[in-house]
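Work through the two exercises below with the coordinates open, and compare each step of the solutions with your own reading.

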Amino acid sequence: MPASFVRVAFPIPVEETFWYRNPGFAPLEIGMRVEAPLGKRAKATGYAIEIADSVVLDPARIREILRVVDAEPLFDLEMLGLGKWLAAMYHCSLGEALSAMLPSARRERQDLSEEFDEVELSSSPLELTPGQRAALQGILAEPEGMFYLYGPTGTGKTEVFLQLAEAALAKGQGVLYLVPEIALTRQVEQDARRRFGGSCAIIHSRLTPSRKLAEWRRIAKKEARIVIGARSAVFAPIPDLGLIIIDEEHDTGYKSGTTPRYHARQVAMHRASLAKARLVMGSATPSPEAWHACLQGQIHRFDLALRPAGGAFPFVRIIDMRGREGLISDELAEALREAKTAGRQAILFLNRRGFARTLICQTCGAEITCKHCSVPLTYHKSSGRLICHYCGYSEPKPLACPTCGSLDLAWASYGTERIEEELRERFPDMSLARLDTDSAGAKGKLEETLRDFRNGQIDMLVGTQMVAKGLNFPGVRVVGILMADQGLAMPDFRAAERVFSLIVQVAGRAGRHRPDGLVFVQTRKPDSPIIRLAAAGDVLGFLERELAIRRQLEFPPAGRLCRLVFRSRLAHDARNAAERAATAARHLVEEPQFADIEVLGPSECPLAIIADNHRYQLIFRARRFQALQHFVKMLKPRIELPSSVYLEIDIDPVNMM
């Protein structure tokens, strides 16, 4: 006899859950999705989190569920517990937490055969350097705990990860392998499938919902024992989890930009602790938070120094672009031609897509900005339109200044599309491809471009962050980093960290297999200490400098932050809500238990308007995380929000814009 009542959590910003009557037309278990009426909505999909034979409620007020969506549960009690932790940690509803964790497909895809057609099961573990061997043995000597593999790019962290995975699989344990970029997912997937065959499952945002659900089922049934994926893969329902790997640990892609605003590293730490598993992180540019934990002895660090493929660390040269015209220096152009003559390849990196950043009127100084956001529009020559990279608004390129009518419009900056055009004009004999969010949008385009470049069919690859991290191309001799100082002036305490990491990571694409790599760092700030430390590859020097600044400012890891963003289409509503919340917060910090909390703001967000929403922020800073969490929990009921205002709560924010 099926249970008569079911408690349902819906993916809405309301922490309450709801009881329904179960008419019993289909088997129902905890972890299944159901459809039920919700408020004035005739139908909404939620998650069954509890079933009971009776409830202490007025039966006349309990409505019936309409349909059971799943034939099998999507999550078990362990995953439900993870959802409850996620909701408490990041101050969202249980339904929102479960929605972020679970695939959303209605039907399961049955045919997965085409996903395995290219697999060659011939690869075997490579011979390790002494440093790799010491790291492998040291990690395997401990049954659980947190470990860090630190070493410059190309020193073989991936091979250590794979051999650790092999050891875990041999013991019947499940393995989770996280990477920050979809491009990296594919490369790691190929390496792992050559090593482990069809026991791999892939989870990332480009999968269709039905494909993601199919992978989810394979994982839960132990048909796949190693899960590879980007941020959301951290929730994969892996039985007997024994090893979690976080590659490129420093990457901001591990932080979710939507509710719940979780960090995959934090979730992985929690899962590893519960499962008594090993958590192994790695990067050539560790985050200050992870490095601080290593220095404190909370994470056991292993250092790698040699490039096992036989390459050497590249020669890096800073090119002062002040007073120069054009985007490509003469020194870089000469190196590109020499690489082509030698049958080698080049990567050019610019952290900005589009043809040019914006248009500025040379007569009145007006900038062409988005009608819905407080940001300049970016010109894309391929479509002939100015596009907002925040809300997607676009308009044709104007012939005259909308403010004063002047025809004297000039570009303020450049993007990858403009670089591509200049390179084609300057080097007509070289094959060239561009890799950014715009060019890689078509299905299969990303994989096709990377495959052609690896096979030597492309001489130069121009791109944004997609080409910056983790990719291993034996033919690359020259790397050019254009406008390297871009981003240093951003009003974000992590700006220096991001710029430094990008330069070091991109430079690491050169000379990975041969000792002749050349890197050109083009900048208008050649004396910047961040640029000089990055060009020298002085990771330890940068981290020492950055941690000293963070301690002085009590920013992470010296302190913990929570950011509240109030957004509304009505500017005064957003501002008033933020001011009322700030008043409530300052009253609350007068209590002795919250003496450690500092209230900063309210103020306009650096990006004050996005998609017609006005944004104001309030920041809380504390030395003790538990005090900060308790403070936010106590403050939430005291925040009065009109229906026109939406509140975003971001624990440990990564992006302060």
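Two exercises on strand pairing follow, each with a worked solution.

The model is predicted, so that local features need pLDDT of at least 70 and side-chain atom pairs count only at pLDDT 80 or more, while totals for chains, interfaces and linings use all residues. Residues are numbered from 1 along each chain as its sequence is written, and side-chain values use heavy atoms, with hydrogens and water left out.

**Exercise 1.** Determine the strand order of the open sheet of seven strands, and find what lies across strand 10.

Solution. Strands are DSSP runs of E with at least two residues, helices runs of H or I with at least four, numbered from the N terminus, and two strands pair if DSSP finds at least two bridges between them. The order is 8-9-7-10-11-6-12, with parallel pairing. Strand 8 (200-203) and strand 12 (300-303) are the edges, each pairing on one side only. From one strand to the next the twist averages 20°. Within this order, strand 7 (residues 174-178) and strand 9 (residues 226-229) are joined in parallel by four bridges, and Leu-178 faces Gly-229 there. Helix 7 (residues 264-275) lies across strands 6, 7, 10 and 11, at about 160° to strand 10 (241-247); axes are lines fitted to C-alpha atoms, for helices over the stretch in contact (heavy atoms within 4.5 Å), and angles run from 0 to 180 degrees between N-to-C directions.

**Exercise 2.** Identify the bridge partners of Gly-480 in strand 14 and strand 23.

Solution. Strand 22 (residues 476-481) pairs in parallel with strand 14 (residues 345-349) over five bridges, where Leu-348 stands opposite Gly-480. Strand 22 also runs parallel to strand 23 (residues 518-523), with four bridges, and there Phe-520 is the partner of Gly-480. Five of the six residues of strand 22 are buried, meaning under 20% relative accessible area with a 1.4 Å probe, protein chains only.

Notes. Buried means under 20% relative accessible area, exposed over 50%, partly exposed in between (1.4 Å probe, protein chains only).
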